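Hi,

Here is the structure I promised to pass on. Have a look at it first, and then read my notes below.

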Amino acid sequence: MNYNKKTVYDIDVKGKKVLLRCDFNVPQDKATRMITDDKRIRAALPTIQYLLDQGAAVIACSHLGKPEPSFDKWVKKQTEKGKDPSSLTKEKWEKEMQALRMEPVAERLGQLLGRDIILADDVVGPDARAKAAALKAGEIMLLQNTRFEKGETKNDSELAKAMASMAEVYVSDAFGAVHRAHASTAGVAAYLPAVSGLLIQKELEIMGGALEAPKRPFVAILGGAKVSDKIGVINNLLEKADTIIIGGGMSYTFIKAMGYGIGSSLLEAERVDYAREMIDKAAAKGVKLLLPVDTLIGDRFAADCQVKTVDVKSIPDDWMGMDIGPETVKLFTGAIAGAGTVIWNGPMGVFEFDAFAEGTRAVARALGESGAITIVGGGDSAAAVEQLGYAAKMTHISTGGGASLEFLEGKELPGVACLLNK
Ligand code: AMP
(Lines give C-alpha, C1' and ligand atoms only; values in the text may rest on other atoms or scores of the structure.)
Protein backbone atom coordinates (compact mmCIF):
# COMPACT_ATOMS: atom_id res chain seq x y z
CA MET A 1 0.00 0.00 0.00
CA ASN A 2 1.37 3.39 -1.02
CA TYR A 3 1.09 5.88 1.84
CA ASN A 4 2.75 8.70 -0.09
CA LYS A 5 -0.30 10.63 -1.24
CA LYS A 6 -0.77 14.14 -2.59
CA THR A 7 -2.19 16.53 -0.01
CA VAL A 8 -3.97 19.85 -0.01
CA TYR A 9 -0.50 21.44 -0.02
CA ASP A 10 0.23 19.93 -3.43
CA ILE A 11 -2.64 21.50 -5.36
CA ASP A 12 -3.96 24.96 -6.07
CA VAL A 13 -7.43 25.36 -4.59
CA LYS A 14 -7.76 29.14 -4.92
CA GLY A 15 -11.19 30.02 -6.27
CA LYS A 16 -12.06 26.34 -6.65
CA LYS A 17 -15.01 24.39 -5.29
CA VAL A 18 -13.65 21.67 -3.04
CA LEU A 19 -15.72 18.66 -1.98
CA LEU A 20 -14.33 17.82 1.47
CA ARG A 21 -15.22 14.46 3.04
CA CYS A 22 -14.99 14.78 6.82
CA ASP A 23 -15.74 12.35 9.62
CA PHE A 24 -18.44 14.23 11.50
CA ASN A 25 -19.93 11.01 12.84
CA VAL A 26 -20.17 12.39 16.37
CA PRO A 27 -21.97 10.89 19.36
CA GLN A 28 -25.21 12.65 20.27
CA ASP A 29 -27.53 12.56 23.24
CA LYS A 30 -30.57 10.61 22.03
CA ALA A 31 -33.17 12.84 23.61
CA THR A 32 -31.74 16.32 23.06
CA ARG A 33 -29.55 15.61 19.98
CA MET A 34 -26.78 17.58 21.69
CA ILE A 35 -23.33 16.53 20.54
CA THR A 36 -21.67 14.82 23.50
CA ASP A 37 -18.13 14.79 22.07
CA ASP A 38 -17.03 17.13 19.25
CA LYS A 39 -13.48 15.76 18.91
CA ARG A 40 -14.08 14.63 15.34
CA ILE A 41 -15.35 18.06 14.29
CA ARG A 42 -12.34 19.72 15.92
CA ALA A 43 -10.03 17.28 14.14
CA ALA A 44 -11.28 18.54 10.76
CA LEU A 45 -10.73 22.24 11.53
CA PRO A 46 -7.09 22.59 10.35
CA THR A 47 -7.94 21.33 6.84
CA ILE A 48 -11.12 23.41 6.63
CA GLN A 49 -9.33 26.53 7.82
CA TYR A 50 -6.46 25.94 5.39
CA LEU A 51 -8.84 25.54 2.44
CA LEU A 52 -10.81 28.65 3.38
CA ASP A 53 -7.61 30.66 3.89
CA GLN A 54 -6.46 29.59 0.43
CA GLY A 55 -9.68 30.98 -1.06
CA ALA A 56 -11.45 27.70 -1.76
CA ALA A 57 -15.23 27.31 -1.59
CA VAL A 58 -15.69 24.31 0.69
CA ILE A 59 -18.52 21.81 0.24
CA ALA A 60 -18.14 19.63 3.33
CA CYS A 61 -19.90 16.30 3.75
CA SER A 62 -20.03 13.39 6.16
CA HIS A 63 -22.18 10.52 7.30
CA LEU A 64 -23.79 10.60 10.73
CA GLY A 65 -24.91 7.37 12.37
CA LYS A 66 -26.59 4.63 10.40
CA PRO A 67 -29.80 5.92 8.83
CA GLU A 68 -31.67 3.45 6.64
CA PRO A 69 -32.88 5.41 3.59
CA SER A 70 -35.28 2.68 2.39
CA PHE A 71 -38.47 2.34 4.45
CA ASP A 72 -38.93 -1.30 3.41
CA LYS A 73 -35.39 -2.21 4.42
CA TRP A 74 -35.79 -0.34 7.70
CA VAL A 75 -38.92 -2.39 8.47
CA LYS A 76 -37.04 -5.59 7.60
CA LYS A 77 -34.06 -4.71 9.82
CA GLN A 78 -36.24 -3.67 12.75
CA THR A 79 -38.30 -6.87 12.43
CA GLU A 80 -35.10 -8.93 12.45
CA LYS A 81 -34.17 -7.12 15.68
CA GLY A 82 -37.40 -8.46 17.17
CA LYS A 83 -39.60 -5.34 16.87
CA ASP A 84 -43.33 -5.82 16.35
CA PRO A 85 -43.98 -5.08 12.60
CA SER A 86 -47.31 -3.38 13.37
CA SER A 87 -45.44 -0.70 15.35
CA LEU A 88 -43.14 0.13 12.42
CA THR A 89 -44.84 3.14 10.88
CA LYS A 90 -43.57 5.58 8.26
CA GLU A 91 -43.74 8.34 10.89
CA LYS A 92 -41.41 6.40 13.17
CA TRP A 93 -38.95 5.77 10.34
CA GLU A 94 -39.03 9.45 9.35
CA LYS A 95 -38.42 10.46 12.95
CA GLU A 96 -35.32 8.24 13.07
CA MET A 97 -34.07 9.75 9.83
CA GLN A 98 -34.74 13.30 11.10
CA ALA A 99 -32.69 12.53 14.20
CA LEU A 100 -29.67 11.97 11.97
CA ARG A 101 -29.84 15.23 10.04
CA MET A 102 -26.72 17.40 10.09
CA GLU A 103 -28.17 20.50 11.82
CA PRO A 104 -26.38 19.93 15.16
CA VAL A 105 -23.09 19.34 13.32
CA ALA A 106 -23.53 22.51 11.26
CA GLU A 107 -24.23 24.47 14.40
CA ARG A 108 -21.19 23.17 16.28
CA LEU A 109 -18.93 23.54 13.25
CA GLY A 110 -20.12 27.12 12.88
CA GLN A 111 -19.36 27.84 16.54
CA LEU A 112 -15.87 26.35 16.24
CA LEU A 113 -15.07 28.22 13.03
CA GLY A 114 -16.73 31.42 14.19
CA ARG A 115 -18.80 31.75 11.02
CA ASP A 116 -22.12 30.68 9.56
CA ILE A 117 -22.34 27.34 7.83
CA ILE A 118 -24.68 27.09 4.88
CA LEU A 119 -26.56 23.82 5.36
CA ALA A 120 -28.10 21.95 2.44
CA ASP A 121 -31.42 20.14 2.75
CA ASP A 122 -30.18 17.20 0.72
CA VAL A 123 -27.00 15.53 -0.51
CA VAL A 124 -27.14 15.87 -4.28
CA GLY A 125 -30.70 17.18 -4.68
CA PRO A 126 -31.84 20.59 -5.96
CA ASP A 127 -31.08 22.42 -2.71
CA ALA A 128 -27.50 21.12 -2.43
CA ARG A 129 -26.84 21.80 -6.11
CA ALA A 130 -28.21 25.35 -5.96
CA LYS A 131 -26.28 26.18 -2.79
CA ALA A 132 -23.08 24.65 -4.18
CA ALA A 133 -23.45 26.61 -7.42
CA ALA A 134 -23.88 29.87 -5.49
CA LEU A 135 -21.04 29.16 -3.02
CA LYS A 136 -18.27 31.75 -3.15
CA ALA A 137 -14.56 31.54 -2.43
CA GLY A 138 -13.91 31.57 1.32
CA GLU A 139 -17.39 30.21 2.12
CA ILE A 140 -18.30 26.82 3.54
CA MET A 141 -21.44 24.73 3.20
CA LEU A 142 -22.38 21.32 4.56
CA LEU A 143 -24.35 18.66 2.70
CA GLN A 144 -26.96 16.54 4.46
CA ASN A 145 -26.00 13.13 5.89
CA THR A 146 -24.41 11.22 2.99
CA ARG A 147 -26.09 8.03 4.18
CA PHE A 148 -29.51 9.54 3.40
CA GLU A 149 -28.63 8.48 -0.15
CA LYS A 150 -29.21 4.81 -0.93
CA GLY A 151 -26.15 4.75 -3.18
CA GLU A 152 -23.68 5.91 -0.51
CA THR A 153 -22.80 2.59 1.13
CA LYS A 154 -23.09 0.77 -2.22
CA ASN A 155 -20.47 3.09 -3.71
CA ASP A 156 -22.95 3.84 -6.49
CA SER A 157 -21.24 5.54 -9.42
CA GLU A 158 -24.23 7.76 -10.27
CA LEU A 159 -24.23 9.18 -6.73
CA ALA A 160 -20.45 9.61 -6.80
CA LYS A 161 -20.72 11.41 -10.15
CA ALA A 162 -23.49 13.67 -8.83
CA MET A 163 -21.44 14.61 -5.76
CA ALA A 164 -18.35 15.19 -7.87
CA SER A 165 -20.29 17.39 -10.33
CA MET A 166 -20.74 20.07 -7.65
CA ALA A 167 -16.97 20.51 -7.17
CA GLU A 168 -13.63 20.74 -8.97
CA VAL A 169 -11.40 19.04 -6.41
CA TYR A 170 -11.97 16.25 -3.87
CA VAL A 171 -10.23 16.33 -0.50
CA SER A 172 -10.61 13.42 1.88
CA ASP A 173 -9.99 14.01 5.56
CA ALA A 174 -12.27 11.34 7.02
CA PHE A 175 -9.70 8.89 8.33
CA GLY A 176 -12.37 7.14 10.41
CA ALA A 177 -14.11 6.11 7.18
CA VAL A 178 -11.22 5.33 4.78
CA HIS A 179 -11.63 1.59 5.27
CA ARG A 180 -15.05 1.83 3.63
CA ALA A 181 -15.49 1.97 -0.14
CA HIS A 182 -18.48 4.30 -0.20
CA ALA A 183 -19.51 6.87 -2.81
CA SER A 184 -18.33 9.83 -0.71
CA THR A 185 -15.17 8.18 0.66
CA ALA A 186 -13.80 6.57 -2.50
CA GLY A 187 -16.23 6.67 -5.45
CA VAL A 188 -16.00 10.43 -6.06
CA ALA A 189 -12.24 10.18 -6.55
CA ALA A 190 -12.87 8.62 -9.96
CA TYR A 191 -14.31 11.93 -11.20
CA LEU A 192 -12.14 14.60 -9.54
CA PRO A 193 -8.49 15.21 -8.72
CA ALA A 194 -8.33 13.66 -5.23
CA VAL A 195 -5.92 14.52 -2.44
CA SER A 196 -5.71 14.04 1.31
CA GLY A 197 -6.47 16.58 3.99
CA LEU A 198 -4.11 17.29 6.87
CA LEU A 199 -5.61 14.74 9.22
CA ILE A 200 -5.23 11.82 6.83
CA GLN A 201 -1.77 13.09 5.89
CA LYS A 202 -0.73 12.87 9.56
CA GLU A 203 -2.22 9.40 9.97
CA LEU A 204 -0.41 8.15 6.85
CA GLU A 205 2.86 9.79 7.76
CA ILE A 206 3.01 8.50 11.32
CA MET A 207 1.35 5.09 11.05
CA GLY A 208 2.69 4.42 7.55
CA GLY A 209 6.15 5.49 8.70
CA ALA A 210 5.98 3.13 11.67
CA LEU A 211 5.03 0.20 9.46
CA GLU A 212 7.50 0.91 6.68
CA ALA A 213 10.59 2.16 8.47
CA PRO A 214 10.09 2.03 12.25
CA LYS A 215 12.64 3.36 14.69
CA ARG A 216 13.68 0.12 16.42
CA PRO A 217 13.09 -1.70 18.63
CA PHE A 218 9.54 -1.70 17.33
CA VAL A 219 7.11 -2.86 20.02
CA ALA A 220 3.45 -3.60 19.31
CA ILE A 221 1.01 -3.90 22.21
CA LEU A 222 -2.28 -5.61 21.53
CA GLY A 223 -5.13 -5.99 23.95
CA GLY A 224 -8.89 -5.67 24.09
CA ALA A 225 -11.56 -8.25 24.10
CA LYS A 226 -11.14 -10.46 21.08
CA VAL A 227 -8.37 -12.37 19.34
CA SER A 228 -10.56 -12.60 16.25
CA ASP A 229 -10.61 -8.79 15.86
CA LYS A 230 -6.82 -8.66 15.86
CA ILE A 231 -5.86 -11.76 13.86
CA GLY A 232 -4.85 -9.76 10.79
CA VAL A 233 -2.95 -7.28 12.93
CA ILE A 234 -0.95 -9.95 14.79
CA ASN A 235 -0.13 -11.66 11.51
CA ASN A 236 1.05 -8.47 9.81
CA LEU A 237 2.99 -7.17 12.82
CA LEU A 238 4.82 -10.48 13.21
CA GLU A 239 6.51 -9.51 9.91
CA LYS A 240 7.49 -6.07 11.18
CA ALA A 241 7.78 -5.77 14.96
CA ASP A 242 10.66 -6.82 17.23
CA THR A 243 8.39 -7.44 20.21
CA ILE A 244 4.68 -8.17 20.38
CA ILE A 245 2.95 -7.78 23.73
CA ILE A 246 -0.44 -9.39 24.20
CA GLY A 247 -2.66 -8.44 27.13
CA GLY A 248 -6.35 -7.88 27.81
CA GLY A 249 -9.18 -10.31 27.30
CA MET A 250 -7.54 -11.79 24.20
CA SER A 251 -4.49 -12.97 26.14
CA TYR A 252 -6.43 -15.74 27.93
CA THR A 253 -6.94 -17.60 24.65
CA PHE A 254 -3.14 -17.55 24.29
CA ILE A 255 -2.68 -18.73 27.88
CA LYS A 256 -5.10 -21.56 27.14
CA ALA A 257 -3.05 -22.37 24.01
CA MET A 258 -0.01 -22.76 26.28
CA GLY A 259 -1.90 -25.50 28.11
CA TYR A 260 -3.13 -23.72 31.24
CA GLY A 261 -6.62 -23.52 32.70
CA ILE A 262 -8.13 -20.03 32.53
CA GLY A 263 -11.23 -20.43 34.73
CA SER A 264 -14.11 -18.41 33.32
CA SER A 265 -11.87 -15.82 31.60
CA LEU A 266 -12.71 -14.71 28.07
CA LEU A 267 -11.98 -17.58 25.70
CA GLU A 268 -12.35 -17.92 21.97
CA ALA A 269 -12.17 -21.68 21.79
CA GLU A 270 -12.04 -21.69 17.98
CA ARG A 271 -8.95 -19.44 18.08
CA VAL A 272 -6.81 -21.55 20.42
CA ASP A 273 -5.08 -23.29 17.48
CA TYR A 274 -4.43 -19.93 15.86
CA ALA A 275 -2.94 -18.60 19.09
CA ARG A 276 -0.62 -21.62 19.25
CA GLU A 277 0.40 -21.03 15.62
CA MET A 278 1.22 -17.39 16.40
CA ILE A 279 3.34 -18.41 19.40
CA ASP A 280 5.27 -20.80 17.14
CA LYS A 281 5.53 -18.29 14.30
CA ALA A 282 6.94 -15.64 16.63
CA ALA A 283 9.57 -18.10 17.88
CA ALA A 284 10.49 -19.08 14.32
CA LYS A 285 10.85 -15.46 13.26
CA GLY A 286 12.79 -14.38 16.34
CA VAL A 287 10.01 -11.96 17.35
CA LYS A 288 9.69 -11.68 21.12
CA LEU A 289 6.09 -12.49 22.10
CA LEU A 290 5.29 -11.36 25.62
CA LEU A 291 2.20 -12.73 27.37
CA PRO A 292 0.95 -12.07 30.91
CA VAL A 293 2.69 -14.00 33.68
CA ASP A 294 0.23 -13.00 36.40
CA THR A 295 -3.28 -11.64 36.39
CA LEU A 296 -5.91 -9.94 38.52
CA ILE A 297 -8.95 -12.15 38.72
CA GLY A 298 -12.50 -11.49 39.84
CA ASP A 299 -15.18 -13.87 41.06
CA ARG A 300 -17.69 -12.30 38.65
CA PHE A 301 -17.77 -9.63 35.95
CA ALA A 302 -18.57 -6.63 38.11
CA ALA A 303 -16.88 -3.48 39.42
CA ASP A 304 -17.34 -4.62 43.03
CA CYS A 305 -16.34 -8.26 42.66
CA GLN A 306 -13.81 -10.00 44.90
CA VAL A 307 -10.28 -9.55 43.53
CA LYS A 308 -7.16 -11.71 43.74
CA THR A 309 -3.80 -11.71 42.03
CA VAL A 310 -2.57 -15.07 40.75
CA ASP A 311 0.01 -16.63 38.46
CA VAL A 312 -1.50 -17.26 35.01
CA LYS A 313 -0.77 -20.95 35.54
CA SER A 314 -3.16 -21.11 38.46
CA ILE A 315 -6.40 -19.31 37.65
CA PRO A 316 -9.07 -21.08 39.70
CA ASP A 317 -12.25 -22.42 38.11
CA ASP A 318 -15.11 -19.89 38.13
CA TRP A 319 -12.77 -16.90 38.46
CA MET A 320 -12.05 -14.67 35.51
CA GLY A 321 -8.96 -12.74 34.40
CA MET A 322 -9.78 -9.03 34.46
CA ASP A 323 -6.40 -7.26 34.23
CA ILE A 324 -2.70 -7.97 33.96
CA GLY A 325 -0.92 -8.46 37.29
CA PRO A 326 2.01 -6.48 38.81
CA GLU A 327 4.74 -8.85 37.51
CA THR A 328 3.27 -8.55 34.02
CA VAL A 329 3.21 -4.78 34.36
CA LYS A 330 6.96 -4.92 35.09
CA LEU A 331 7.57 -7.23 32.14
CA PHE A 332 5.55 -5.14 29.67
CA THR A 333 6.73 -1.71 30.84
CA GLY A 334 10.33 -2.96 30.77
CA ALA A 335 9.94 -3.79 27.06
CA ILE A 336 8.28 -0.42 26.39
CA ALA A 337 11.05 1.51 28.17
CA GLY A 338 13.68 0.51 25.62
CA ALA A 339 11.51 0.90 22.52
CA GLY A 340 12.06 3.20 19.53
CA THR A 341 8.48 2.89 18.27
CA VAL A 342 5.41 1.63 20.11
CA ILE A 343 2.04 0.92 18.55
CA TRP A 344 -0.77 0.18 20.98
CA ASN A 345 -4.23 -1.11 20.25
CA GLY A 346 -6.57 -2.46 22.92
CA PRO A 347 -6.69 -2.10 26.72
CA MET A 348 -4.87 -4.52 29.07
CA GLY A 349 -7.92 -5.21 31.18
CA VAL A 350 -11.45 -4.14 31.99
CA PHE A 351 -10.25 -0.57 32.51
CA GLU A 352 -13.82 0.71 32.81
CA PHE A 353 -13.84 -0.83 36.32
CA ASP A 354 -11.47 1.03 38.64
CA ALA A 355 -10.16 -2.15 40.23
CA PHE A 356 -8.94 -3.34 36.82
CA ALA A 357 -7.61 -0.14 35.27
CA GLU A 358 -4.06 -0.31 36.63
CA GLY A 359 -2.61 -2.52 33.87
CA THR A 360 -3.88 -0.19 31.15
CA ARG A 361 -2.84 2.87 33.17
CA ALA A 362 0.68 1.49 33.70
CA VAL A 363 1.08 0.80 29.98
CA ALA A 364 -0.20 4.30 29.13
CA ARG A 365 2.25 5.78 31.66
CA ALA A 366 5.13 3.72 30.27
CA LEU A 367 4.33 4.92 26.74
CA GLY A 368 4.24 8.52 27.95
CA GLU A 369 7.62 8.18 29.65
CA SER A 370 9.34 6.06 26.98
CA GLY A 371 10.70 8.76 24.69
CA ALA A 372 9.66 6.45 21.84
CA ILE A 373 7.40 7.32 18.93
CA THR A 374 4.09 6.31 20.48
CA ILE A 375 1.03 5.56 18.40
CA VAL A 376 -2.31 4.67 19.93
CA GLY A 377 -4.93 3.01 17.75
CA GLY A 378 -8.41 4.48 17.81
CA GLY A 379 -11.42 3.12 19.63
CA ASP A 380 -11.06 1.77 23.14
CA SER A 381 -7.33 2.32 23.62
CA ALA A 382 -7.72 5.96 22.59
CA ALA A 383 -10.63 6.27 25.03
CA ALA A 384 -8.55 4.62 27.78
CA VAL A 385 -5.59 6.94 27.22
CA GLU A 386 -7.87 9.95 27.36
CA GLN A 387 -9.85 8.74 30.34
CA LEU A 388 -6.66 8.00 32.27
CA GLY A 389 -5.13 11.38 31.41
CA TYR A 390 -2.21 10.38 29.16
CA ALA A 391 -3.44 11.66 25.79
CA ALA A 392 -1.12 14.67 25.62
CA LYS A 393 1.95 12.46 26.12
CA MET A 394 1.41 10.37 22.97
CA THR A 395 3.01 11.12 19.61
CA HIS A 396 -0.22 10.25 17.85
CA ILE A 397 -3.67 9.00 18.71
CA SER A 398 -5.38 7.69 15.63
CA THR A 399 -8.80 9.13 14.86
CA GLY A 400 -10.07 5.91 13.31
CA GLY A 401 -10.87 2.73 15.25
CA GLY A 402 -11.72 0.27 12.47
CA ALA A 403 -9.59 2.18 9.97
CA SER A 404 -6.47 2.09 12.14
CA LEU A 405 -6.89 -1.65 12.73
CA GLU A 406 -7.15 -2.30 8.99
CA PHE A 407 -4.14 -0.04 8.49
CA LEU A 408 -2.13 -2.16 10.95
CA GLU A 409 -3.32 -5.30 9.16
CA GLY A 410 -1.58 -3.93 6.07
CA LYS A 411 -4.87 -3.92 4.16
CA GLU A 412 -5.47 -1.57 1.30
CA LEU A 413 -7.78 1.23 2.49
CA PRO A 414 -10.14 2.23 -0.35
CA GLY A 415 -10.38 5.84 0.87
CA VAL A 416 -6.59 6.15 0.73
CA ALA A 417 -5.90 4.05 -2.36
CA CYS A 418 -8.19 6.36 -4.42
CA LEU A 419 -6.06 9.46 -3.70
CA LEU A 420 -3.39 10.69 -6.13
CA ASN A 421 0.12 9.39 -5.50
CA LYS A 422 2.92 11.91 -5.01
P1 AMP B 1 -11.62 -3.96 21.99
O2 AMP B 1 -12.84 -3.21 21.54
O3 AMP B 1 -11.45 -5.28 21.34
O4 AMP B 1 -10.37 -3.10 21.99
O5 AMP B 1 -11.91 -4.33 23.50
C6 AMP B 1 -12.05 -3.39 24.50
C7 AMP B 1 -12.81 -3.99 25.61
O8 AMP B 1 -12.14 -5.15 26.08
C9 AMP B 1 -12.96 -3.07 26.79
O10 AMP B 1 -14.30 -2.73 26.95
C11 AMP B 1 -12.45 -3.90 27.96
O12 AMP B 1 -13.26 -3.81 29.10
C13 AMP B 1 -12.49 -5.30 27.42
N14 AMP B 1 -11.53 -6.17 28.11
C15 AMP B 1 -10.23 -5.98 28.30
N16 AMP B 1 -9.71 -6.96 29.04
C17 AMP B 1 -10.70 -7.80 29.35
C18 AMP B 1 -10.79 -9.00 30.12
N19 AMP B 1 -9.74 -9.52 30.72
N20 AMP B 1 -12.00 -9.60 30.21
C21 AMP B 1 -13.08 -9.05 29.61
N22 AMP B 1 -13.06 -7.94 28.87
C23 AMP B 1 -11.89 -7.32 28.75
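Let's start with the ligand: 17 residues surround it, and A225, G249, G321, E352 and D380 come nearest (a residue is near a molecule or strand if one of its heavy atoms lies within 4 Å of it). Before you go further, note that this is a predicted model, where local features need pLDDT of at least 70 and side-chain atom pairs count only at pLDDT 80 or more, while totals for chains, interfaces and linings use all residues. Residues are numbered from 1 along each chain as its sequence is written, and side-chain values use heavy atoms, with hydrogens and water left out.

Now the polar contacts (pairs of N or O atoms within 3.5 Å; within protein, one must be able to donate a hydrogen and the other to accept it, and residues adjacent in sequence count only if both atoms are side-chain atoms). E352 puts a polar side-chain atom 2.5 Å from an oxygen atom of the ligand. For D380, a polar side-chain atom is 3.0 Å from an oxygen atom of the ligand. G321 uses a polar backbone atom instead, 2.9 Å from a ligand nitrogen. On its own the ligand has 500 Å² of accessible area, and the protein covers 83% of that (Shrake-Rupley method with a 1.4 Å probe; for residues, only the protein chains shown count as cover).

Which elements each supply at least two residues of the shell? They are α8 (227-237) and β12. Helices here are DSSP runs of H or I with at least four residues, strands are runs of E with at least two, and both are numbered from the N terminus.

Strand β12 (residues 320-324) has 5 of its 5 residues buried, so it is largely enclosed by the rest of the structure. Buried means under 20% relative accessible area, exposed over 50%, and partly exposed in between (1.4 Å probe, protein chains only). β12 runs antiparallel to β10 (residues 294-298), with 4 bridges joining them; strands pair if DSSP finds at least two bridges between them. In that pairing, G298 stands opposite M320.

Some backbone oddities to finish. Most residues other than glycine have a negative phi, and most peptide bonds are trans. D318, in the loop between β11 (307-311) and β12, has a positive phi near 70° and is exposed at 62% relative accessibility. R33 also has a positive phi, about 65°, and counts as partly exposed at 23%. The peptide bond from R216 to P217 is cis, with omega near 0°.

Cheers
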